[in-house]
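Me: I'm new to this one, so could you walk me through it slowly? I'll ask small questions as I go.

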Amino acid sequence: MIAQNFDYTAPASLAEALSLLASGEAKPLAGGMSLIPMMKLRLAAPDQVVDLGRIPELNYIRHDGGRVRIGATATHHQVATSTTVRSQCPLLAATAAQIGDVQVRNMGTIGGSVAHADPAADYPAALLALGAEVTVANAGGSRTLSIEDFLVDTFTTALEPGEIITEISVPAGGGSGCHYQKMLQPASGFAIVGIAVQVTASGGVIASARVGVTGLTGKAFRAHGVEAALVGKSAAGIAEAVAGIADGVDANSDIHASAGYRCQMARVHAGRAVAAALAKA
Amino acid sequence: MATTTITKTEPLVGKRIRRREDPRLITGAATYVDDIKLPGMYHAAILRSPHGAARIAALDISRAAAHPGVVAVFTGKDITGVGPVPCGASLPGLRVPVHTILAQDRVYFVGHPVAVVVASDRYIARDGVDLIDVEWDVLPAVSDPEKAIAGDAPAVHPEWPDNIAFHHHQENGNVDDAFAQAEVVVKQRITSQRLIPTAMETRGVVADFQTGDKALTLYSSTQVPHLLRTLIALMLGLPENKTRVVAPEMGGGFGSKLNVYAEEALMGFVAMKIGKPVKWIESRRENYLTTIHGRGHVDYFEIAAKRDGTILGMKLKLIQDIGAYHQLLTPAIPTLSVLMMPGLYKFQNIRAHVVGAFTNCVPTDAYRGAGRPEATHGIERMVDMLAAEIGMDPVEIRLKNFVANEQFPFSTATGLVYDSGNYAAPLMKALDLVDYQGLRAQQKKAREEGRLMGIGISTYGEICAFGPSPATPAGGWESATVKIDPTGKVTVMTGACPHGQGEETTFAQITADELGIPLDDIHVIRGDTAIVQYGIGTFGSRGTAVGGAALYFALQEVKAKLKRYGAMLLESDDVSYQGGQCVCNKTGRTVSLAEMSGASYRAMKLPPNTSPGMQVTNFWEPPNFTFPFGAHIAVTEIDRETGAVQVKRYFAVDDIGNIINPLIVDGQLHGGVAQGLGQALYEQAVYDENAQLVTGELMDYAVPKATMVPWIESDHTVTPSPVNPLGVKGVGEAGTIGCSPAMVNSVVDALRPLGVKHVDMPMTSEKIWRILNSAQA
Ligand SMILES: Cc1cc2nc3c(=O)[nH]c(=O)nc-3n(C[C@H](O)[C@H](O)[C@H](O)COP(=O)(O)OP(=O)(O)OC[C@H]3O[C@@H](n4cnc5c(N)ncnc54)[C@H](O)[C@@H]3O)c2cc1C
């Protein structure tokens, strides 16, 4: 639990950070809640660490252009408690509030979580359900990807060497018909399954639904089939509509939840998440 | 209840006084081993086996030794003069593998220390570990104790191919008759899984060898500094009087630091070799791999009874997972389970056979409860199963079989003498608190609605205050010194080495009351063998029941001596000692404690047959163990869809004898229940078939967090112990012992409509979900 030697720099501006990272050799550090444990276990051994935590331009939450724009280093706590997020995309605030514990939420960042692409992380479920976009930059410029394109596989993203996430944005006006339902792995507190749901409804009947799923398989995904099946359903039809949530999914299996149990828990918690979202819609 | 403002006159024993140790603990002002930084100190990191079993085909340290900053590397061939890690317990026929402090040509468990790298900082030391080249000849390993002794498993130690560490048999009464007369016999295999103690502070050692004096000071996070000193001196071939052990502030032990570890001797060895201080701090990973684990039982129980619920006898075949070696008390722990097998019940016929099974795992040893949780789990499960079998209420069957009040002191089936008890009292109080009849009515309604609600009762008994010396491996007495300075300030030195249990407060309360002085005038010192007289340590819920009693007797002696000085100063032979002063009963004149103490040091004049100075040391040998008891009730509900067990309410009514500080007692019980609940629902050390520890991190080993522990409603009955003058019994382990059977009984009760009779721990959501699925199928 002792890291290898490394150099540490804490640039004060984005430009400086990007030039330090340009060679692709250095590792960005945000909250350190994932990177530092990996370094201590010597699963990661970067020679150089560039701390993004002292760059004011990366830490913001604002509402503009019809989107809620969140700087990469906004902490889970900032997202969970931001009035902008709570009013414009309450699903994201609710999800952030369920990450880890107080200490982790005070340190961990949205950019770090998304860049890390842990298959059991909470954010991806909500970001998928909300149709998030990820803006990344390197010394040469920036580009914006959909969250679906950004998340490639287990611990793998579309980030190129030298690139960092600068912003994550979701459409504003998310509406109150949402819920994040998480089944906790009892040791780590990560999601065995986490289901993020955003619905619109009229008269108790679902008009549109977006469902993001984390924890179930190697990467978080949007359950398109379930979304379609939910349209037109009232509370009574939810269980049947979400039953296919694990169909064709290569489910994770470990000592905390076998694949079969995980799939069933995805169905159960999807049902509960949709019911709770519908009740608030 | 509010904490009490301290005034000089009212008694402090029995008051909810806040722990005096807490301010420094919660403000970061305490000094743990890792806070000790000695000038010129080096740092050690240890290369450990990545395999459950392997031969070391080749070991090359040259790259590590040449690494800048590395000052020394030692391997198994360097430590030839150092004695093996000791096993303090003895049993007839016990097989004791030689446990060298570094592996020789073979490793026996993942984490087995192979080499130590010493460097100028801990990072370089750790880098050095990666630079040691080892060629492993990997061997088959075994991690399951039942498989280990089945006859066809790989041998953990080649010299004992059957993997049997020992057999231990105990039989009392006439078991065969009891079973022949039985109208009903219930049998069940019950496991008490391997657990990882997870003290908040891992182990750590700083060794400092003063080359001039040839004296070693060892700072170690240990529950038993004096025993460690004796045994380390023997291992290292040092005179004991040149060996000092200091246990600084400690972040918990739970039995895992009631031991002598390879690393303690290893750091002493390194310090002696390099002539410089050296520090090793255990990482959490190392802690999980190499600090003892607890439990590890597979128990086959049979209980014989009459249809009216009268228990006639019990049989037990116990397989104890030993691990690869015996640590200090490893083989003794399951024998405690046998002793406590009858629980609170009066039946007199038992037969128990224990088999110790070597496995390629880290050794098991004492962990909070140490042998008693397993026993209590067994008897309390069996009694519940018996009740279900004959259609009797679990309360009724207990009341029918309890040792009756007039039977105390009671000789048990296993040869113990229970000191005092009123076993129905906490149960009746708990039933009252929960409104048992109301709960059963609620349960009936829940069942009609298809909900799975359970009510689980455990009436535990436990053995504390270890103990009379003949019954313990290394002495069961305890010591205390009371020293009053010329200015009247009082220092208490306890040999018990409390390490988080709160005796700095409770011992001060006892002292304040006996001497009639304010708490603030009392300083309690523990944990340094150069300051404190020899002592045994804190474990087995003995701190106050044995250490507190030793203090009590020391205080009586010091009071008598003060009184003699008081009489002299007051020039009267009719004086009494009260409220921190001596009063002449005729004139009403008084002298203060400081005046009496001061006079004893100035010694201008001495009372008859009285020595100067005001210091008394007492070594107290307890005449018996103490036996606390209580009733815990868990109300649970199971989520049919997920299998999750929800604790709706948790009640604990404990009888731990007299209570010195109810606030501290609550804390001990809450923590104990949390650990029992951890075992019941979440925790399990999982080794795979290659003897790799799967739960090697807190990411995978589920210690319950605050949000996972229910509100605990607690109360007491008080049955003082006649064994010690304080009337206390011990509280450190009661919560853990009482909890797990209450939880399992509750979950089984919830699942009863589905025909479920037993569930093994941990009762994880998936396990319950599978039971629900197979029951519904
Ligand atoms: C005890 C504990 C419990 C936790 N529980 C949960 C939980 O319940 N749910 C959950 O989702 N997570 C949980 N986490 C993880 C936590 O949310 C982390 O904060 C998060 O995964 C990583 O964010 P970070 O800011 O700490 O990133 P870091 O640890 O600093 O970095 C993580 C990775 O992302 C890279 N990185 C960081 N920022 C950027 C950026 N802007 N651009 C490109 N790459 C970047 C780093 O180089 C590194 O590879 C837990 C962590 C801990 C320690």
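**A first walk through the model**

Me: Which sign does the phi of A:G131 have, just after α8(A)?
Reply: A:G131, which comes just after α8(A), takes a positive phi of about 70°. Helices here are DSSP runs of H or I with at least four residues, strands are runs of E with at least two, and both are numbered from the N terminus.

Me: Before we go on, what sort of model am I looking at, and how is it numbered?
Reply: This is a predicted model, in which local features need pLDDT of at least 70 and side-chain atom pairs count only at pLDDT 80 or more, while totals for chains, interfaces and linings use all residues. Residues are numbered from 1 along each chain as its sequence is written, chains are lettered from A and ligands numbered from 1 in the order in which they are written, and side-chain values use heavy atoms, with hydrogens and water left out.

Me: Back to α8(A), then: how many of its residues are buried?
Reply: In helix α8 (residues 123-130) of chain A, 8 of the 8 residues are buried, so the helix is largely enclosed by the rest of the structure. Buried means under 20% relative accessible area, exposed means over 50%, and partly exposed is in between, using a 1.4 Å probe and protein chains only. Among the buried residues of α8(A) are A:Y123, A:P124 and A:L130.

Me: What surrounds the ligand?
Reply: The ligand is surrounded by 29 residues, of which A:P28, A:G32, A:L35, A:T109 and A:D122 are the closest; a residue is near a molecule if one of its heavy atoms lies within 4 Å of it.

Me: And which polar side-chain atoms lie a short listed distance from an oxygen atom of the ligand?
Reply: A polar side-chain atom of A:K27 lies 3.0 Å from an oxygen atom of the ligand, and one of A:H76 lies 2.9 Å from an oxygen atom of the ligand. From A:S113, a backbone N or O atom lies 3.3 Å from a ligand oxygen atom. Taken alone the ligand exposes 960 Å², and the protein buries 92% of that; these areas come from the Shrake-Rupley method with a 1.4 Å probe, and for residues only the protein chains shown count as cover.

Me: Which elements give two or more residues to that shell?
Reply: They are β2 (27-29), α7 (110-116) and β10 (164-171) of chain A, and the largest share, 4 residues, comes from α7(A).

Me: Changing topic: which residues touch the most other members in the largest nonpolar core?
Reply: Of its 97 residues, B:I303, B:L386, B:Y418, B:Y423 and B:I633 touch the most other members. Such a core is a set of buried Ala, Val, Leu, Ile, Met, Phe, Trp, Tyr and Cys residues joined through side-chain atoms within 4.5 Å. Helix α10 (residues 372-390) of chain B gives the most to this core, with 8 residues.

Me: Where does that core lie?
Reply: Domain 1 (22-28 + 468-620) and domain 2 (422-460 + 626-776) of chain B both give residues to the core, so it lies between them; the domain bounds come from an automatic or database domain assignment. There is also a second, separate core of 46 residues, which includes B:I484, B:L515, B:A554 and B:Y565.

Me: What does B:Y423 touch?
Reply: Not counting residues up to four places away in sequence, B:Y423 touches several residues, including B:L344, B:F402, B:F408 and B:F629, where contact means heavy atoms within 4.5 Å. The peptide bond from B:F408 to B:P409 is cis, with omega near -10°, and B:P409 is found in the loop between α11 (394-401) and β16 (410-411) of chain B.

Me: One last residue: is B:R48 buried or exposed?
Reply: B:R48 is buried, with a relative accessible area of 11%, and its place is in strand β1 (residues 42-48) of chain B. Its side chain makes polar contacts with the side chains of B:E263 at 2.9 Å and B:E286 at 2.8 Å. A polar contact is a pair of N or O atoms within 3.5 Å; within protein, one must be able to donate a hydrogen and the other to accept it, and residues adjacent in sequence count only if both atoms are side-chain atoms.
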